[in-house]
Amino acid sequence: MSDFTTLPAAIDRGDFTLADVTIPACLLGQAGDLVRTTITVRNGAFSDTPFEDSDARRVTMNGAMALPAFTDMHTHLDKGHIWPRSPNPDGTFMGALETVKEDRIAAWSAEDVRARVEFALRCAHAHGTKAIRTHLDSIPPQDDISWGVFREMREEWAGRIALQAACLVGMEGVTLPSEYDTYAHTAQLVAEAGGVLGTVTYPIPDLQPRLDRFFVLAEKHHLHADFHVDETGDPSVATLRTIAETVLARGFEAPVTVGHCCSLAVQKDEEWKHTLDLVAKAGINVVSLPMCNLYLQAREPRTTPRWRGVTLVHEMVERGIAVAFASDNTRDPFYAYGDLDMLEVMREATRIAHLDHTGTDWPKAFTTTPAQICGFDERCFEPGAPADFVLTRARSWTELFARPQADRIVVRNGHTIDRTLPDYAELDHLMEI
């Protein structure tokens, strides 16, 4: 057999071997770019014992590309799909901040958040994502509402999408002990949910004491850290350096992730080089969000943007810094588009950040690297690992990225899933506030 259209039926008859499949070599622990190989599935997991050529369970794929199911490590499920009721008035970052704030106050009940999160997860699952880290707006009293919904959704989606959450508040919301200490309550919610401690850093006069307070709480509750950092085109904004210096000074040992880091790209060489050397020394991970930053950064009325908003991913990798890419926002004031489709993120990141012609390890940045950073199962295509993967007709990178691969096949635990996407009309009842 070799007809792509009949493949789902062939797979769902049970255990199978896919012969002549194209897979990125780096995901197999091999040197080179793309390799043609054979993968076998038995009892829902990958196996190193293929079926023979004469067996009906063996399917010849003629070079069709297989990728592991994706890990999307920076999303905002609680914000998703509010654009129809709360569009960004001017496409700017400040427009997004104010619009989301107003929408949250007006409409983010448990029922509203649950419906939109459920819709987003159905999209991500249909596109081939198996694990997600989401940031949850956690300004009281929203923290109690959204974290309760998250814990319910994580249980309901177990076995389909592994879920992890990080709290999200501005740096002023990381309250000091001398203040009404709401952040201590939020940190307790995060700890009880097995989550990740998060905040947004930007230049404020008391950044350092609030950052120290953040790490005190992370240490107290044994939590990983995840920051939104320097999401601006202002070269004077350099809080990433302060984070790295603080991690080193405190000897903080839990994983630390920073997202965005846009201002690095517009700083003088001596500044960004010094910062990245500190980031590498501190062992900090970076997640780049190219689609959202392309949308927001350098947006001025009737002015063509002069830069892409993407951070210095190549310079980071050269220093041994772990770099991942993720979706970020979806159909909300921070990004009007998107569908939690990591194959789209992979395609657009390749174009925006010039990942082509620059090494062969970039497929890890959408699959195994984010899984490893978050602590999800990072195994792929190895014997014993769950048979979770995405099949496309593409036989090469140019074929993969030239089209959206809307006819891809998603296999989870050795069986194809229904890839029907939910209809936006399902959310219509939520779009009036």
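**View 1. What lines the largest pocket of this predicted model.** Sorted by class, the lining mixes 16 nonpolar residues with twelve polar and nine charged ones. Helix α2 (93-107) is among the elements that each give at least two residues to this lining, alongside α5 (182-192), β9 (197-201) and β10 (225-229). The largest share goes to α2, with seven residues.

**View 2. The middle of the largest pocket.** The space here comes to about 850 Å³. Of the 37 lining residues, Leu97, Val169, Gly170, Val200 and Tyr202 sit closest to the pocket's centre.

**View 3. The second largest pocket, at about 250 Å³.** Here 14 residues make up the lining, and the ones closest to the centre are Val317, Ile321, Val323, Asp361 and Trp362. Helix α10 (residues 313-318) chips in three residues, the largest share. Class by class, that lining breaks down into six nonpolar, five polar and three charged residues.

**View 4. Phe366 and its neighbours in the largest nonpolar core.** This core runs to 93 residues, and Phe227, Phe325 and Phe366 have the most contacts inside it. Zoom in on Phe366 and, leaving aside residues up to four places away in sequence, you'll find it touching Phe70, Thr71, Phe325, Met342, Val345, Met346, Ala349 and Leu355. Phe325 thus turns up twice, as a contact of Phe366 and as one of the residues with the most contacts in the core.

**View 5. Another nonpolar core, set apart from the largest one.** This one has 25 residues, including Cys26, Ala64, Ala387 and Phe389.

Notes: Residues numbered from 1 in each chain as written. Predicted model: local features only at pLDDT ≥ 70, side-chain atom pairs only at ≥ 80, totals over all residues. Heavy atoms only, no water. 1 Å grid on protein atoms, 1.4 Å probe; cavity = no way out; pocket = protein on both sides within 12 Å on 5 of 7 lines; lining within 4 Å. Points joined across faces, edges and corners; volume = space filled by probe spheres on them. Helix = DSSP H or I, 4+ residues; strand = E, 2+ residues; numbered from the N terminus. Nonpolar A, V, L, I, M, F, W, Y, C, P; charged D, E, K, R; others polar. Core = buried A, V, L, I, M, F, W, Y, C linked by side-chain atoms within 4.5 Å. Buried < 20%, exposed > 50% of the residue type's maximum accessible area, 1.4 Å probe, protein only. Contact = heavy atoms within 4.5 Å.
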